[in-house]
Amino acid sequence: MKKLALMLLCMAMTVVFAGCSFTANSESDDTLTIAWLPNESGADLVEAREEIGKMIEEKTGKKVEHQTTTDYIVAIEAIANGNADMAFLGAQGYIEANNKNDKVLPLVVPSGESGTLEDAVYYSWLAVEKDNTDQFKNGDKFAIDNIQGKRFSFVSNSSTSGFKVPSTGITDYFAEKEEFKSLTAEDLLEGGEDKFFSEVLFGGSHQGSAVNLLSGKADVAAFCDTCVNNYVELADGEMNEPGAVYKVKEDAAEPLNTVAGKEFSLISVTPVLNAPFVINTGTVSEEDQKMLLEIMTSDEVAKNEKIFVPEDSEFSGLFSKKSGNERLVEVDDEWFNPIRELAK
């Protein structure tokens with residue numbers, strides 16, 4: 001009786017106590033909860049989120065609830081502790097969730113233009129305001145030497161392309177200079193007179209980091225191409241190449257509506273493994289796991305223009321379709337090992 005009472009208390013409070021690992025969800029639940037990072041939690045992606053939910057509801061008979069967030073750690077904790085059954089996380093977010101609970105496993109990632117995992121990447125950018133571009137050149141080539149001492153904006157320290165990849169790139173680059181040979185990613189988390197950056201900000205989302213840059217709060221900012229794709233357009237240069245200039249659309253949705261018309265330039269571009277949809281295999285039955293994989297990798301999802309948006313569409317979807325071959329493809333845990341290696 002005492003054990004039953006403890007179980008019920010834990011379930012009701014949806015927290016984990018020492019010696020108690022019960023969660024609010026179970027395999028018998030009629031509801032499937034999907035957690036979304038702040039980047040995909042905005043009003044501009046409501047229809048895209050709901051489209052995925054509808055397709056899951058139709059196939060599984062379960063009700064889908066969307067858990068939007070304003071903080072990376074909330075989404076990561078939700079899937080790790082079983083308060084969410086499924087989540088769309090960055091590679092680093094997945095690794096953190098998997099470290100907390102090894103029952104959290106990847107399901108699918110969006111493919112590259114080939115329709116496979118071979119080119120399933122997006123891009124981590126370091127960007128500056130267009131008028132400041134010349135400060136970040138060595139001769140006629142772009143370089144990051146002069147970011148030291150500047151005000152810098154990351155996304156979240158749980159972000160793959162908004163922290164893990166750029167911080168690794170920065171420390172690797174500067175470690176070759178004698179005065180910074182001991183520089184670590186942790187040294188980049190705080191700013192100050194005796195720090196690498198004069199000030200460090202966190203945007204909370206990729207869009208928020210871009211706003212930090214374009215509102216004048218930061219001199220340099222890290223964010224990724226796919227997360228701001230719905231808000232910006234190429235103004236000059238080659239996409240995802242240093243020197244490319246992007247302009248915020250005049251009708252950009254929140255939060256970039258506050259910096260509409262502003263332009264920024266890329267000074268560094270790094271490919272990153274695509275973000276996965278993950279599931280908590282402790283709260284999702286094997287039958288439902290198979291069904292979710294079938295749904296997410298289906299032609300129906302791949303051809304849905306609210307999920308994979310054609311290039312000429314004005315709709316704000318989750319993914320872009322360029323070649324026509326893009327789709328969600330199955331992925332396993334080992335595929336993310338290159339991101340794990342960044343922490344070593």
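Trainee: What makes up the area buried between domain 1 and domain 2 in this predicted model?

Mentor: About 1800 Å² is buried between domain 1 and domain 2, and carbon and sulfur atoms give 51% of that area. The contact draws 25 residues from domain 1 and 23 residues from domain 2.

Trainee: Where do the two domains run along the chain?

Mentor: The domain assignment gives 31–116 + 274–342 for domain 1, and 121–273 for domain 2. Their C-alpha centres lie 26 Å apart.

Trainee: How many salt bridges and how many polar contacts does the rule find across that interface?

Mentor: For salt bridges the rule finds zero across the interface of domain 1 and domain 2. For polar contacts it finds 11 residue pairs, both residues at pLDDT 80 or more.

Trainee: Which elements give two or more residues to the side of domain 1 that touches domain 2?

Mentor: They are helix H3 (72–81), helix H4 (91–100) and helix H10 (337–341). H4 gives the largest share, four residues. By type, the residues on that side of domain 1 divide into 12 nonpolar, nine polar and four charged.

Trainee: Why is H4 called largely enclosed by the rest of the structure?

Mentor: Buried means under 20% relative accessible area. Eight of the 10 residues of H4 are buried, so the helix counts as largely enclosed. The buried residues are Ala91, Gln92, Gly93, Tyr94, Ile95, Glu96, Ala97 and Asn98.

Trainee: What do the buried residues of H4 pack against?

Mentor: Their partners are H3, strand S4 (104–110), helix H5 (160–174), strand S14 (277–280) and H10.

Trainee: Let's turn to charged pairs. How do you know that glutamate 47 and lysine 306 meet in a salt bridge?

Mentor: The rule asks for a side-chain nitrogen of Lys or Arg within 4 Å of a carboxyl oxygen of Asp or Glu. Here the N to O distance is 3.2 Å, so the pair satisfies that cut-off. The pair links distant parts of the chain, 259 residues apart: glutamate 47 sits in helix H2 (residues 46–60), and lysine 306 in the loop between helix H9 (299–302) and strand S15 (308–310). The structure holds 11 salt bridges.

Trainee: Why are glutamate 47 and lysine 306 called partly exposed?

Mentor: Partly exposed covers what lies between buried, under 20%, and exposed, over 50%. Glutamate 47 has 40% relative accessibility and lysine 306 has 31%, so both fall in that range.

Trainee: What makes glutamate 263 and lysine 130 a salt bridge?

Mentor: Their closest N and O atoms are 3.2 Å apart, and the cut-off is 4 Å, so the pair counts. This pair also links distant parts of the chain: glutamate 263 is in strand S13 (residues 263–273) and lysine 130 in the loop between strand S5 (121–129) and strand S6 (137–138), 133 residues apart. Glutamate 263 is partly exposed at 26%, and lysine 130 is partly exposed at 38%.

Trainee: Aspartate 333 and arginine 340 meet in a salt bridge too. Why is arginine 340 called buried, while aspartate 333 is partly exposed?

Mentor: The line between the two classes is at 20%. Arginine 340 has a relative accessible area of 19%, so it is buried, whereas aspartate 333 has 25% and is therefore partly exposed. As for the bridge, the N to O distance between their side chains is 2.6 Å, so this pair, too, meets the 4 Å cut-off.

Methods
Residues numbered from 1 in each chain as written. Predicted model: local features only at pLDDT ≥ 70, side-chain atom pairs only at ≥ 80, totals over all residues. Heavy atoms only, no water. Domains from an automatic or database assignment. Contact = heavy atoms within 4.5 Å. Buried area = accessible area lost by both parts, 1.4 Å probe. Polar contact = N/O pair within 3.5 Å; in protein donor to acceptor, adjacent residues only side chain to side chain. Nonpolar A, V, L, I, M, F, W, Y, C, P; charged D, E, K, R; others polar. Buried < 20%, exposed > 50% of the residue type's maximum accessible area, 1.4 Å probe, protein only.
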